[in-house]
Amino acid sequence: MDYRISEPVVGPRPEDALPDSVTTAVKVVVVGGFGVGKTTLVGSVSEIRPLTTEETMTQASAGVDDIAGIERKSETTVAMDFGRITLSDELVLYVFGTPGQQRFWFLWDGLFEGALGAVVLIDARRLEDSFDVMGRLEERGVPFIVAINAFPDAPSYPVADLRESLDIPDAVPVVDCDARERSSSRDGLLTLVRYLYALTTTTSEPR
Ligand SMILES: Nc1nc2c(ncn2[C@@H]2O[C@H](COP(=O)(O)OP(=O)(O)O)[C@@H](O)[C@H]2O)c(=O)[nH]1
Ligand SMILES: [Mg+2]
């Protein structure tokens, strides 16, 4: 067979290089139920082309992934999303998105290794999906903030009610977010970073 190299091998793009000033890299995870907007958030916020492993939903997940209310979604993330955002001259965040469905929990061990914290992304139309995710983060001792993703027909609960129904500790920040907006997604990540920083500088327990 005749093999020819038709394209030069493409190396990293110059814009993907980290500035020399960066001294700290922090790994964080975006986690949440099916279709809450994890891939959207990582994609909107990432300054490098995000890595996303999406696979068309098959019959295998029919009835397992509940698509009531999100009928147009035909893809679900099988493994993870990955992106990067430079928050200051010195600080870069590596953002991993991972599914919250219980059948993907086997991925969590590797993915959370070295992660300083998590954003729990929530669709207010399906609050119940986030219980398991937050419970599991608490078990693992991973600090997290909660971001309510803005879906047009989602009920808008007062934050106090959300805290109560989801049993979110007072110290844990709860923010609104539009995962499609870079600045909003960035604000969500900044909230997490500030919270993590506050945890390291206070003596009190986070919950
Ligand atoms: N209206 C609205 N739609 C969103 C938002 N974030 C995500 N979506 C849509 O919701 C669907 C599921 O998002 P996706 O990021 O794939 O969810 P994932 O399963 O958590 O990765 C997609 O069709 C997105 O376009 C948001 O903030 N607002
Ligand atoms: Mg996804």
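**Fold, ligand shell and salt bridges**

Read along the sequence, the chain goes β-α-β-β-β-α-β-α-β-α-β-α. That pattern is built from 5 helices and 7 strands, where helices (H or I, at least four residues) and strands (E, at least two) are DSSP runs, numbered from the N terminus. This is a predicted model, so to speak of local features takes a pLDDT of at least 70, and side-chain atom pairs count only at pLDDT 80 or more, while totals for chains, interfaces and linings use all residues. Residues are numbered from 1 along each chain as its sequence is written, chains are lettered from A and ligands numbered from 1 in the order in which they are written, and side-chain values use heavy atoms, with hydrogens and water left out.

Of the 207 residues in the chain, 43% are buried. Here buried stands for under 20% relative accessible area and exposed for over 50%, with partly exposed in between (1.4 Å probe, protein chains only). The areas themselves come from the Shrake-Rupley method with a 1.4 Å probe, and for residues only the protein chains shown count as cover.

Strand E4 (residues 91-99) has 8 of its 9 residues buried, so the rest of the structure largely encloses it. Strands E1 (residues 24-32) and E4 run parallel and are joined by 9 bridges; two strands pair if DSSP finds at least two bridges between them. Within this pairing, glycine 97 in E4 has valine 30 standing opposite. Just ahead of E4, the loop that follows strand E3 (75-86) holds leucine 87, which is buried with a relative accessible area of 13%. Leucine 87 also sits 9.7 Å from valine 193, C-alpha to C-alpha, although 106 residues separate the two in sequence.

Turning to the ligand, 16 residues surround ligand 1, and Lys38, Thr39, Thr40, Asn149 and Ala150 come nearest. A residue counts as near a molecule or strand if one of its heavy atoms lies within 4 Å of it. By class, the shell splits into 5 nonpolar, 7 polar and 4 charged residues; Ala, Val, Leu, Ile, Met, Phe, Trp, Tyr, Cys and Pro go down as nonpolar, Asp, Glu, Lys and Arg as charged, and the others, Gly among them, as polar. Helix H1 (residues 38-45) gives the most to this shell, with 3 residues.

Several polar contacts hook up with the ligand. The term covers a pair of N or O atoms within 3.5 Å; within protein, one must be able to donate a hydrogen and the other to accept it, and residues adjacent in sequence count only if both atoms are side-chain atoms. An oxygen atom of ligand 1 lies 2.9 Å from a backbone N or O atom of glycine 37. A polar backbone atom of alanine 150 is 2.6 Å from a nitrogen atom of ligand 1, and a polar side-chain atom of aspartate 178 is 3.0 Å from an oxygen atom of ligand 1. Taken alone, ligand 1 exposes 580 Å², and the protein buries 80% of that.

Asparagine 149, one of the residues that come nearest to ligand 1, belongs to strand E6 (residues 144-149). Asparagine 149 is buried, at 6% relative accessibility, and its side chain reaches the backbone nitrogen of alanine 179 at 2.9 Å.

Aspartate 178 also takes part in a salt bridge, with arginine 180 (2.8 Å, N to O). The rule asks for a side-chain nitrogen of Lys or Arg within 4 Å of a carboxyl oxygen of Asp or Glu, and by it the count comes to 6. In this pair arginine 180 is exposed, at 60% relative accessible area, whereas aspartate 178 is buried, at 16%. Elsewhere, salt bridges that share partners tie Asp123, Arg125, Arg126 and Asp153 into one network. Part of that network is the bridge between aspartate 123 and arginine 125 (2.9 Å, N to O), in which aspartate 123 is buried at 0% relative accessibility and arginine 125 is partly exposed at 24%.

Another salt bridge joins the side chains of arginine 140 and aspartate 109 (3.1 Å, N to O). It links distant parts of the chain, 31 residues apart, with arginine 140 in helix H3 (residues 128-140) and aspartate 109 in helix H2 (residues 108-112). Both partners are partly exposed, arginine 140 at 30% and aspartate 109 at 48%.

One backbone oddity rounds things off. Aspartate 167 shows a positive phi of about 60° although it is not a glycine. It sits in the loop between helix H4 (159-166) and strand E7 (174-177), and at 64% relative accessibility aspartate 167 counts as exposed.
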